[in-house]
Amino acid sequence: MPATKTLPQCAEDAIESAIDEAADEDPVVLWWDDGGYLRDIVQEVSHSLGCEFHAAEQTPLELRADAPRDRTVWYVPQAHSDDVDWFKDVENTGGVVEAHIGKLAARCFENDRIQAASIRTAYEDAGEGDREQVAKTLFQELNGEGGLPTLQGLQTKIVLDGHEDPVQFVLEHGAENLPDETGDLLQIRDLLVDNGVAAVDGVTDEDVLVERTRRWGVAEWLVEEGLDPSLLDAEYRPESSSGLGISRPELQSLLSKVDPERAEELAHVYLDPDAQFWHDILRSYDDPWELADCPVDASLEHELWNEWLQAFHDGEYETCTTRAATRYQRLETTYGDVPWTSVWNQAVEVAKLAHELETWEERGDTTDVVDLYGDVDDGTWQIDNAVFNLIISGEPEHGLPEEHPATASLDDLRTSLTESRYLDYLSDLGDLVVDQIEAGSPFVGENYAHQFFDQEQEHLQSGQSVALFIVDALRFDLAHELAESVRRELPSLEVDETAWVGTLPSDTEFGKAALTPGSKFSFNIELDDGELVPERNGREITNYQREKMLKDDGWSYIMQSEDDESGWSNTRVAYYWNDLDKAGEKELTDFEALFSDRIEKISDIICEKLDQGEWDRAYILADHGFVSLPQSIDLDGIYPPDEAEQVTRRWVAGTDIDEDAPGVLLDENTHLGYLDDDTKISVLADPIQRFRNQGIPDARFYHGGVLPQEFVLNFVTITQE
């Protein structure tokens, strides 16, 4: 039965009746309000009826200090007392209203006065702390804003401290928030039964009431996702909805409303191993993935993981990717960033990587390593990206309860992929590079990095403004991440990615020397007194000489470590970022995560400079890449040939090195275009080999060899559309 009037309307009726029954034509109406929660309503109604309003702030006697001349409402925020005779004349000549908010609220239900008396009783019987909450609920529901409540709905909110849905209240708050009074608990129980939770009928224990209500709520959601109701006990079978519009399970409705912090707390309620509400049914269910959109039973969660794991071991990686993504999206939407969500997110990466490693040889002509690895859309660089993403996603299963099956299986999957299968892939890829080099001209028709500025000469000499971002150790997949970041942040720019062959061996001193712009440029590498050195136009290129050449040619030369904002005002800027290489070589314990952070930083810098300046063209270039080796690996230390004049960990150089030297021989027969005729370099292709030279350090961050991850580079060109 809905209310028929609001609190202001009932207050108006009370004052008008008191005026009509008064002996004086301009009477004083005395309103006693036990609790003082009606002041604003009485004051507003008094003014609307043309009455003055005076309230007692400390004691009712204050009102006697200012005798009224016109119609006046005296408001006293306390209960009436027979011991007070200060207002006998008012009682004789004026009018008296004795109504607190509970009594006035009961008057709002004219058509059900008997049942409405419970509202008055609820206010009067409430303890001092609870009375304010009851008053607040009555005021919010009956002030006239948002329509009028039903009597049952208002009674529910009073019992549940303002909550209107008894089912959702119990589903969310549990036993610790239920009332202590037995009568209130039984009233909540009866409200639950009235709302379809037959399983609590007759229950008098609060813990049992909560457990059965939550079990009922999970059953309702499972049925919504396709569970046959006949599998459930009769009292847990949800009633068919006969209402109009969209109806969804109570738990689903609840979880769609709570804030992220509360949702995280509820994940520990509904996915905790102790919350296996329908274990007997779900453990033998034919296909639990039919119910994967239900995120509220630990038994279902465990069955889904076990089924997913079996499909993974069966090699059904695409199915695993799809299913893990589905479960991740459901849990992320429901609970946000919680361990259960993170585990499924990593399961997506695990399945993707397994599929990539399984199928990489099917991507194209394996005799063309540059195309195989460096195809922007479908190259095997994506394997390195998948390994990178998998490692930086950490060990999310550590946040799960020990009983979750992922705690016993996920680490083994990561280890198998990153420390075994990925290593096999790197070894096979190295063999392909060796075969291609030994077959003759290794990279015919490819773009060579040392020719980049010759090919871009038109844009560099045309008077256009140009920005170069030369990032040390920017592997193909990381360059792609930067390109994607620019696309997202600055969609008005055109961003193109192209594969280029970097300088071998893939060390910084050779790669950066090859990427030095200038109007005249001839690049070569030769032995000088037993040391391999890069030269430009016959002169060795050092860091100092590179900076001088750039400045002499009209470029601003800016290092990432320097605070040189003024240099960006030039129309030609070369910006050097060395932090990736430093992180790889000096911070090997967690360098994937460090790289992730640094890529974000360089992305912010690039987007900021592109957005602030009106650049006609910008380039993101790299001198070399790197190989990210497994965290636990045994390296094979080998001895360099006797003929080697210069020895590093990954390559040796000399004039008399022969084809029997470890690795693959680079000489004039490889037609790279920059090796001196007398210079020979033997470069390692096996990722776990090192030439012995004062130990074998840098176990995880590998560069200087001849794997595609190091010398197949992704050059990004950015132009105004």
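## Exercises: strands, a sheet and packed helices

**Exercise 1.** In the hairpin of S7 and S8, which residue takes a positive phi, and how many residues lie between the strands?

*Solution.* Keep in mind that this model is predicted. Start at the turn: two residues separate S7 from S8 in the hairpin, and aspartate 529 has a positive phi near 55 degrees. Next, look at the strands themselves. S7 covers residues 523–528 and S8 covers residues 531–536; they run antiparallel and are joined by six bridges. To check the register, find isoleucine 525, which stands opposite proline 534 in S8.

**Exercise 2.** Work out in what order the six strands of the open sheet lie, and which are the edge strands.

*Solution.* Step across the sheet and you meet S6-S21-S12-S5-S11-S10, with mixed pairing. The edges are S6 (493–501) and S10 (556–559), since each of these pairs on one side only. On average, neighbouring strands here are turned by 15 degrees against each other, direction ignored.

Now zoom in on one pair. S12 (residues 617–622) and S21 (residues 712–720) are antiparallel partners over four bridges. Arginine 617 faces threonine 719 of S21 across this pair. Finally, add a helix: H24 (residues 543–552) lies across S10 and S11 (572–577), and runs at about 140 degrees to S10.

**Exercise 3.** Decide whether H16 and H18 are roughly parallel or antiparallel.

*Solution.* Two packed helices are described by the angle and the distance between their axes. H16 (residues 339–359) and H18 (residues 381–392) pack at about 155 degrees, with axes 9 Å apart. Angles over 145 degrees count as roughly antiparallel, so H16 and H18 are roughly antiparallel to each other. Their crossing is left-handed.

Which residues meet? On the H16 side they include Val350, Leu353 and Leu357, and on the H18 side Ile383, Ala386 and Leu390 are among them. By class, the contact of H16 with H18 has seven nonpolar, three polar and two charged residues.

**Exercise 4.** Now try H8 and H10: how are these two helices oriented to each other?

*Solution.* H8 (residues 166–173) packs against H10 (residues 206–224) at an angle of about 105 degrees, and the axes are 9 Å apart. The range from 65 to 115 degrees counts as roughly perpendicular, so that is the description for H8 and H10. H8 contributes Val167, Val170, Leu171, Glu172 and His173 to the contact, while the residues from H10 include Leu209, Arg214 and Trp216. Sorted by class, the contact of H8 with H10 holds six nonpolar, three polar and two charged residues.

Key: Residues are numbered from 1 along each chain as its sequence is written. This is a predicted model: local features need pLDDT of at least 70, side-chain atom pairs count only at pLDDT 80 or more; totals for chains, interfaces and linings use all residues. Side-chain values use heavy atoms; hydrogens and water are left out. Two strands pair if DSSP finds at least two bridges between them. Axes are lines fitted to C-alpha atoms, for helices over the stretch in contact, and angles run from 0 to 180 degrees between N-to-C directions. Contact means heavy atoms within 4.5 Å. Angles under 35 degrees count as roughly parallel, over 145 as roughly antiparallel, 65 to 115 as roughly perpendicular and the rest as oblique. A crossing is left-handed if the near helix is turned anticlockwise from the far one by less than a right angle, and right-handed if clockwise. Ala, Val, Leu, Ile, Met, Phe, Trp, Tyr, Cys and Pro count as nonpolar, Asp, Glu, Lys and Arg as charged, and the others, Gly among them, as polar.
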